[in-house]
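These are my notebook entries on a structure that I went through by lookup. I set down what I looked up and what came back.

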Amino acid sequence: MAWLVCGRWTKWVVLGLWVVVLAIAGPMAGKLTGVEKNDNSAWLPGNAEATKVSELQKRFQTDDIAPAVIVYERTGGITPADTAKATQDAAAMRRIDGVSGEVVGPLPAKDGQALQTIVPVKVDAEGWERIVDVVDDLRATTGTPAEGMNIQFAGPAANAADSAEAFEGIDGTLLYTTLAIVAIILLITYRSPVLWLLPIISAGVALTTAQAVIYLLAKHAGLVVNAQSAGILTVLVFGAGTDYALLLVARYREELRRHEDRHEAMALALHRAGPAIIASAATVAIGMSCLTLAEVNSTSGLGPVSAIGIVVGLLAMITLLPALLVIFGRWLFWPVRPKPGSVEPTANGIYARLGARIARRPRAVWIGTAAALGVMSLGLFQLEANGLSQADQFVSKPSSVVGEEALARHFPAGQGQPVVVIGDAASASAIRSAVTATPGISDAGEPVIKGDLALIEGLLTSAPDSGEAMATIERLREAVHPIGDAQVGGLTAMTLDINNANDHDNQLIIPLVLLVVLVILGLLLRSIVAPLLLIATVVLSFGAALGVSALTFRHVFGFAGEDTSFPLYVFVFLVALGIDYNIFLMTRVREEAQQHGTRRGALIGLAATGGVITSAGLVLAGTFAALGSLPLVAFAEIGFAVAFGVLLDTLVVRSVLVTALNLDLGRWIWWPSKLMNVRDEPAPAESERDLETVA
């Protein structure tokens with residue numbers, strides 16, 4: 001079947017088909033942002049209590065509302081002129097498009113040094129897209145403060161505006177950063193001024209096609225897409241797609257040194273590298289699909305989005321890229337064109353020499369390497385994946401956090417972000433009494449009745465995103481659940497439910513992904529021992545990457561903690577993507593072991609794949625590092641941890657640990673397959689000259 005994509009005339013058919021696909025997909029891909037859902041429902045657990053309360057709240061108000069809290073602060077005390085200005089501003093804010101409901105205030109602080117005005121901002125589907133404009137209009141209304149006065153913006157609306165600005169341009173920022181990183185690494189890898197363009201063009205076509213497919217599913221099939229999953233899609237398609245391209249081009253270059261006809265060389269390259277590439281993509285796609293079982297909507301939506309990106313990227317790299325390579329011919333490799341009969345440079349390269357050194361004492365090498373990774377894993381004791389407060393979500397302090405600090409200096413900590421309790425109207429009085437009696441609640445408003453439901457808002461005594469506030473929500477739920485089917489929602493309850501759902505997702509999905517990867521490796525390698533060992537090395541690599549990352553976040557970057565979804569995301573990306581390199585290596589080792597035995601096959605496999613896998617690791621690490629260009633701590637942490645983990649897996653685990661295990665166990669690593677019957681060749685000498693037979 002390899003001839004179908006690289007035949008003398010079929011290559012043009014393949015190119016033509018992709019041109020048609022691109023022409024159709026291009027316009028739809030540009031509309032993906034328009035179907036993204038970045039409101040609360042896109043992030044909340046689907047069946048969580050706070051989610052249900054959010055839906056019930058719609059009966060009490062036409063629009064979803066997020067209050068913006070404007071704080072007027074003067075250290076020497078608020079003057080009558082300050083009050084007059086705040087009153088005038090409040091009147092003007094009522095007329096702003098996007099303000100829905102009654103503007104409350106200005107309300108004076110007990111210390112006499114501040115005023116606050118609470119402005120209800122409409123945040124329905126349209127409002128989330130233009131909340132930045134609404135908050136900007138509010139800022140314009142307040143104008144330049146008088147001398148000695150500070151005007152700050154706080155509350156959910158201000159925080160949402162800062163988040164929207166952080167996500168604004170995320171697709172473009174990630175795309176251009178990723179493109180630059182991939183281009184630089186490919187230029188260094190290929191040392192050709194032209195060849196690097198073809199993998200990037202193929203990845204670009206794959207990304208556009210994947211975005212179009214996702215757009216159609218989001219618009220017509222209810223697929224949840226948000227800015228986070230759309231951004232990670234870009235990184236995955238370019239990172240994983242370029243990895244597949246590197247492996248294919250490396251094998252194609254090998255075959256060009258053996259065959260005059262480039263079409264035959266590509267067919268053989270696809271035939272031999274194809275199973276590893278397909279198995280790798282299948283591992284990633286199925287592993288990512290496990291995320292659909294997550295309770296958190298943003299996580300469950302990321303699963304199919306990522307899987308679609310990987311599958312489309314695979315199709316592009318095993319059809320479009322081979323067609324382009326054979327169309328353009330050998331000159332693409334200029335100035336080092338692979339000629340028939342020329343020496344394969346990997347035979348005496350750095351990885352051939354590394355293998356020879358490991359072969360001297362393989363058991364000591366793998367024990368020492370595993371011990372070092374274990375020590376690195378001790379940093380896990382510094383991991384605090386308990387969620388990020390509003391103040392800690394951004395790399396630098398945004399204006400909404402400054403506003404919250406000003407609000408906390410003069411008003412109750414929970415002001416502007418009340419707890420919402422909804423229950424039966426007949427039990428409204430009893431529910432309100434239970435709310436006011438709960439420790440951590442300073443006050444509760446009068447019940448608002450709508451049909452058979454009652455809504456009561458409670459004021460927290462602690463900051464809404466603090467651990468104390470979460471504990472108050474748990475106490476409040478215990479108090480009101482027995483009364484009139486009451487349920488507790490609001491921002492703090494949403495955060496608590498998201499954290500609990502993430503804990504559930506970690507416990508469910510991490511073991512499931514391990515099982516999926518283990519099964520795929522077993523089917524691919526037809527062994528029990530090898531998959532178990534490979535899984536163990538990847539888990540050890542994951543622990544080491546997480547440990548080092550936790551130490552770095554705490555003592556280098558100064559981050560306060562990690563998001564509750566951090567371990568799951570890093571695990572899925574590192575295990576699903578990191579196993580790729582073991583697949584690339586072990587399929588080549590298995591191929592060579594059939595002729596030379598496992599120990600010699602391990603050295604040949606390392607020498608032949610070492611350079612390309614290292615390049616692939618650099619590309620993938622670089623693309624995930626691009627997440628650090630965003631001003632959000634959660635993205636920066638995921639990007640750093642995955643980038644570091646990929647490099648660790650590429651340079652240490654796969655090159656040293658796995659190779660040492662292969663050399664130490666020999667043919668027993670294939671138990672119980674028939675490959676165990678292939679006797680190992682005599683142990684290689686330590687001289688690098690003995691590796692000349694690799695070619």
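I began with Arg526, which counts as exposed because its relative accessibility is 57%; here buried means under 20% relative accessible area, exposed means over 50%, and partly exposed lies in between (1.4 Å probe, protein chains only). Arg526 is found in the loop between α17 (491-525) and α18 (529-557), where helices (H or I, at least four residues) and strands (E, at least two) are DSSP runs numbered from the N terminus. I also looked up its backbone, and Arg526 has a positive phi of about 55 degrees although it is not a glycine.

For the record, I am working with a predicted model, in which local features need pLDDT of at least 70 and side-chain atom pairs count only at pLDDT 80 or more, while totals for chains, interfaces and linings use all residues. Residues are numbered from 1 along each chain as its sequence is written, and side-chain values use heavy atoms, with hydrogens and water left out.

Next I looked up the cis peptide bonds. One of them joins Gly105 and Pro106, with omega about 15 degrees, and Pro106 is found in strand β2 (residues 104-108). The peptide bond from Trp671 to Pro672 is cis as well, with omega near 5 degrees, and Pro672 lies in the segment after α21.

Trp671 came up again when I turned to surface patches, since Ile528, Leu532, Leu665, Trp668 and Trp671 form a nonpolar patch with about 500 Å² of accessible area together. Patches are made of residues with over 30% relative accessible area and no salt bridge, like charges being joined within 9 Å and nonpolar side chains (Val, Leu, Ile, Met, Phe, Trp, Tyr) within 5 Å; the areas come from the Shrake-Rupley method with a 1.4 Å probe, and for residues only the protein chains shown count as cover. Within this patch I checked Leu665, which is placed in helix α21 and counts as partly exposed because its relative accessible area is 31%.

I then looked up a negative surface patch, which is formed by Asp133, Asp136, Asp137 and Glu165. Lys and Arg count as positive and Asp and Glu as negative, with His and the chain ends not counted, and the place of a charge is taken as NZ of Lys, CZ of Arg, CG of Asp or CD of Glu. Helix α5 (residues 125-142) supplies the largest share of the negative patch, three residues. Glu165 is found in helix α6 (residues 155-167), and Glu165 counts as partly exposed because its relative accessibility is 39%.

How many salt bridges does a search of the whole structure find? The search finds 16, a salt bridge being a side-chain nitrogen of Lys or Arg within 4 Å of a carboxyl oxygen of Asp or Glu.

I looked at three of these pairs in detail. The side chains of Glu255 and Arg251 meet in a salt bridge (3.8 Å, N to O); because they are four residues apart in helix α9 (residues 227-256), they are separated by about one helical turn, and both residues are buried. The side chains of Glu254 and Arg258 also meet in a salt bridge (3.6 Å, N to O), in which Glu254 is buried, with a relative accessible area of 7%, whereas Arg258, at 42% relative accessibility, is partly exposed. Asp497 forms a salt bridge with Arg477, the closest N and O atoms being 2.8 Å apart. Asp497 lies in helix α17 and Arg477 in helix α16 (residues 467-480), so this pair ties together parts that are 20 residues apart in sequence. Both Asp497 and Arg477 are buried. Following shared partners, I noted that salt bridges join Arg251, Glu254, Glu255, Arg258, Arg272, Arg588, Glu591 and Glu592 into one network.

My last entries concern two buried positions and their contacts, where contact means heavy atoms within 4.5 Å. Asn662 is found in helix α21 (residues 633-665) and counts as buried at 1% relative accessibility; leaving aside residues up to four places away in sequence, Asn662 touches Met586, Val589, Thr598, Arg599, Ala602 and Ile669. Ala406 is found in helix α14 (residues 399-410) and counts as buried at 0% relative accessibility. With the same sequence neighbours left out, Ala406 touches Val71, Glu73 and Gln152. The C-alpha atoms of Ala406 and Val71 are separated by 7.1 Å, although the two residues are 335 residues apart along the chain.
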